[in-house]
Amino acid sequence: MTGATPARPRLRADARRNAEQIRRAAIGAFQGRGLSVPLEEVARAAGVSKATIFNRFGGRVGLIEAVIEEVVANELYAAIDRTRALDGAGERVAYYITAIRDLQYRQPTANDVLLQEFPHSQQLMDICRAAGEINGELVAAGHASGTLRPEFTPDDLHALVVDNALALKHGARPPRDAYDRRTAFLLDGIRGRQDPSCG
C-alpha cells in the first residue's frame, strides 16, 4: 500500500518537467526560425512526442501563447515604452522605427506577429493592437511638430513595417550594413521640413 502513494505526485512532476522542456524547446525554435517551425521538431528537441505538446498546450497556438512573451513580446513592449519616454517627436519616430526594424531583422517571430500569421491567438492580436496604437501616436505627434511629412499616415507606417516583414520572411536576407543603410534612407524620406535633422 505505502509503495503506491507517490504515483500521482510523480506524474505531476513528470508533467511539469515535460511542459518546461517543451517551453524551452519552443523558445529556441521560434526565436531562430519563426512561429511556423514544425511541432515535430519542437517535440524532438524537447524529448517528447508531438501528442504531448497537444496534451500540455492544446496545439500550436497554445504553445505560442505560453512562450510569446519571452520570445519577442517583452522586447517589443519595451521598445514601445522606451519610445514613449523620449522627449521630441522626431526622436521618438526615429528610435521606434529603428528599434522595430532591428527587432524584425534579429527575430523572425516578430515578423510572424506583425503579419498576423496566427490571428486566433488573442495575445498576438494584442501585440498588433499595441503596435497600431504607437503608430498613431507617433504620426500624430510628428505632424503636430512638423517632424513628419504631412501626407505620411499611420497606415503608411504600418505598411512600411509589414512590407519589411514580408521582405525578411520571404526574400533574400540583406547584409546588416545594407539593411541599416536602408533604415536611414527610410527615415530621411518621411521627415518633415521642420525636423532639425533636415537642416
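Helices, here runs of at least four residues assigned by DSSP, are numbered from the N terminus. In this predicted model, the protein contains 9 helices and 0 strands. Followed along the sequence, the elements give the pattern α-α-α-α-α-α-α-α-α. The points below describe the overall form, the nonpolar core, and then several individual residues.

**Overall form**

- The protein has a radius of gyration of 21 Å, whereas a compact globule of 199 residues would have one near 16 Å.
- Along the principal axes, the C-alpha atoms occupy a box of roughly 85 × 35 × 25 Å.
- Among contacts with a separation of 6 or more, 69% join residues that are 24 or more positions apart.

**Surface and charge**

- Of the 199 residues, 42% count as buried.
- The accessible surface amounts to about 10700 Å², and carbon and sulfur atoms contribute 53% of that area.
- The protein carries 26 positive and 25 negative charges, and the mean positions of these two sets lie 9 Å apart.

**The nonpolar core**

- The largest nonpolar core comprises 51 residues.
- Val42 and Leu63 are the residues with the most contacts inside this core.
- When neighbours within four places in sequence are set aside, the contacts of Leu63 are Ile22, Ala26, Phe30, Leu39, Val42, Ile53 and Phe57.
- Val42 therefore appears twice in this account: as a residue with the most contacts inside the core, and as a contact of Leu63, where contact means heavy atoms within 4.5 Å.

**Residues within helices**

- Asn135 belongs to helix H7, which covers residues 122-145.
- Asn135 counts as buried because its relative accessibility is 6%, and buried means under 20%.
- Beyond residues up to four places away in sequence, Asn135 touches Tyr96, Pro154, Leu157 and His158.
- Phe54 lies in helix H3, formed by residues 50-57.
- Phe54 has a relative accessible area of 40%, so it is classed as partly exposed, a class that runs between the 20% limit for buried and the 50% limit for exposed.
- Leu39 and Gly59 are the residues touched by Phe54 once those up to four places away in sequence are left out.
- Phe54 and Leu39 stand 15 residues apart in sequence, and their C-alpha atoms are 9.6 Å apart in space.
- Leu39 is thus touched by Phe54 and is also in contact with Leu63.
- Asp163 is placed in helix H8, residues 154-170.
- With a relative accessible area of 48%, Asp163 is partly exposed.
- Asp163 and Asn111 are separated by 52 residues in sequence, while the distance from C-alpha to C-alpha is 9.9 Å.

**Residues within loops**

- Ser36 is located in the loop that joins helix H1 (7-33) to helix H2 (39-46).
- The relative accessibility of Ser36 is 45%, and Ser36 therefore counts as partly exposed.
- Not counting residues up to four places away in sequence, Ser36 touches Arg60, Asp112 and Phe118.
- Ser36 and Asp81 are 45 residues apart along the chain, and 28 Å separates their C-alpha atoms.
- Gly88 occupies the loop between helix H4 (60-85) and helix H5 (89-106).
- Gly88 is partly exposed, with a relative accessibility of 28%.
- The C-alpha atoms of Gly88 and Thr147 are 9.3 Å apart, although their positions lie 59 residues apart along the chain.
- Gln116 is found in the loop between helix H6 (108-114) and H7.
- Gln116 counts as partly exposed at 38% relative accessibility.

**A backbone angle to note**

- Most residues other than glycine have a negative phi.
- Gln116 has a phi near 55°, which is a positive value in a residue other than glycine.

Methods. Residues are numbered from 1 along each chain as its sequence is written. This is a predicted model: local features need pLDDT of at least 70, side-chain atom pairs count only at pLDDT 80 or more; totals for chains, interfaces and linings use all residues. Side-chain values use heavy atoms; hydrogens and water are left out. Helices (H or I, at least four residues) and strands (E, at least two) are DSSP runs, numbered from the N terminus. The radius of gyration is taken over C-alpha atoms; the globule rule is 2.2 Å times the number of residues to the power 0.38. Buried means under 20% relative accessible area, exposed over 50%, partly exposed in between (1.4 Å probe, protein chains only). Accessible areas come from the Shrake-Rupley method with a 1.4 Å probe; for residues, only the protein chains shown count as cover. Lys and Arg count as positive and Asp and Glu as negative; His and the chain ends are not counted. The place of a charge is taken as NZ of Lys, CZ of Arg, CG of Asp or CD of Glu. A nonpolar core is a set of buried Ala, Val, Leu, Ile, Met, Phe, Trp, Tyr and Cys residues joined through side-chain atoms within 4.5 Å.
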